[in-house]
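Grab a pencil and open the viewer. Here are a few short exercises, each with a worked solution.

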Amino acid sequence: MTANAKTIIITGASRGIGRAAALLCGAQGWNVAINYRSDDAMANRTADDVRAAGGQAITHRGDATDEAATIALFDATEAAFGRIDGVVVNAGIVAPGLELADMTVARMRQVIDTNVLGALICARESARRLARPTDEASASLVLISSVAARLGSPGEYVDYAASKGAIDTLTLGLSRELAPKNIRVNAIRPGLIDTDIHASGGAPDRAQRLAPQIPMQRPGTAAEVGEAIVWLLGDGASYATGAILDVSGGR
Ligand code: NAD
């Protein structure tokens, strides 16, 4: 284990932005706890790749909406590595594009449960466990929002956009609540990033199709978001709290 290595929990880290962030944490020589919902093989692959990059890793299967599973994730991380220094609340879902008038309550509940309740549970556990004296390096909670929070996603998924608006508001309030406990709380709003989330929402080509609407004329990569996550986790961001950082190619 690298001396002074940070220990970071990342939810939904078996693929996409969470996986990219895990690999970049590994390259810092940090310890990474990889939470995932169901894909054992992909989670193990991510753990192997974190180790190959120079870090340590554990995997922990559990649904982010399940309080007991989230507590078990934090317990397992402390047991493996000691103190937890950073948490990335990344697990999130979209549902197929529809107008609100056509959405079922079951779909809305699933989106809100995962993206809002799941984030609140993980943030609460972080608030309970990450506090430290103010003369030490701060702990860091990074919440993954979306530019949807300010664009609103009309005709596509206003439920998802509203869930990410909640993340932005949580970031503002919790950053002030936890600043005296030496925990920084920041959010990242990715724009259109080329990951499998679009296929999960029934539109695998979405990022490429909408590229002309992006000022930089291309989707972002998971690694480009991961770089911003690692900056907010690290000591270089020691005075950043309550920030909501767009990583969106100008969108
Ligand atoms: P992704 O679908 O590749 O990854 C999301 C991960 O979260 C998956 O591994 C999934 O299994 C996991 N997950 C979902 N529900 C879970 C649960 N209940 N418990 C545990 N894990 C769960 O998507 P991504 O693009 O990497 O998305 C990561 C985050 O970035 C999400 O919060 C998403 O809303 C946000 N985001 C993505 C984009 C984009 O364009 N890709 C844009 C803005 C914001």
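## The ligand and its pocket

In this predicted model, the largest pocket is the space that the ligand takes up.

**Exercise 1.** Work out which residues are closest to the ligand and which helices supply at least two residues of the shell around it.

*Solution.* Start with the shell: 27 residues surround the ligand. The closest are R15, I17, A64, Y160 and T195. Next, go through the helices. At least two shell residues each come from helix 1 (16-27), helix 6 (158-178) and helix 7 (197-200).

**Exercise 2.** Find N or O atoms of I17, I193 and K164 that pair up with oxygen atoms of the ligand, and say whether each is backbone or side chain.

*Solution.* Take the backbone first. I17 puts a backbone N or O atom 2.8 Å from a ligand oxygen, and I193 has a backbone N or O atom 2.9 Å from a ligand oxygen. Now the side chain: an N or O atom there in K164 sits 2.9 Å from an oxygen of the ligand. How much of the ligand's accessible area does the protein cover? On its own the ligand has 810 Å², and the protein covers 95% of that.

**Exercise 3.** Track down the aromatic pair, classify its geometry, and decide whether its two residues are buried or exposed.

*Solution.* Searching the whole structure turns up 1 aromatic pair. That pair is Y157 with Y160, at 5.3 Å centre to centre and with 70° between the planes. Planes over 60 degrees apart count as edge-to-face, so this pair is edge-to-face. For burial, the cut-off is under 20% relative accessible area. Y157 is at 6% relative accessibility, so Y157 counts as buried. Y160 is at 10%, so Y160 counts as buried too.

Notes
Residues are numbered from 1 along each chain as its sequence is written. This is a predicted model: local features need pLDDT of at least 70, side-chain atom pairs count only at pLDDT 80 or more; totals for chains, interfaces and linings use all residues. Side-chain values use heavy atoms; hydrogens and water are left out. Rings of Phe, Tyr and Trp (its six-membered ring) pair if their centres lie within 6.5 Å; planes under 30 degrees apart count as stacked, over 60 as edge-to-face and the rest as tilted. Buried means under 20% relative accessible area, exposed over 50%, partly exposed in between (1.4 Å probe, protein chains only). A residue is near a molecule or strand if one of its heavy atoms lies within 4 Å of it. A polar contact is a pair of N or O atoms within 3.5 Å; within protein, one must be able to donate a hydrogen and the other to accept it, and residues adjacent in sequence count only if both atoms are side-chain atoms. Accessible areas come from the Shrake-Rupley method with a 1.4 Å probe; for residues, only the protein chains shown count as cover. On a 1 Å grid over the protein atoms alone, a cavity is a set of points where a 1.4 Å probe fits but cannot get out, and a pocket is an open set with protein on both sides within 12 Å along at least five of seven lines; lining residues have an atom within 4 Å of a point. A molecule sits in a cavity or pocket if more than half of its atoms lie within 2 Å of its grid points. Helices (H or I, at least four residues) and strands (E, at least two) are DSSP runs, numbered from the N terminus.
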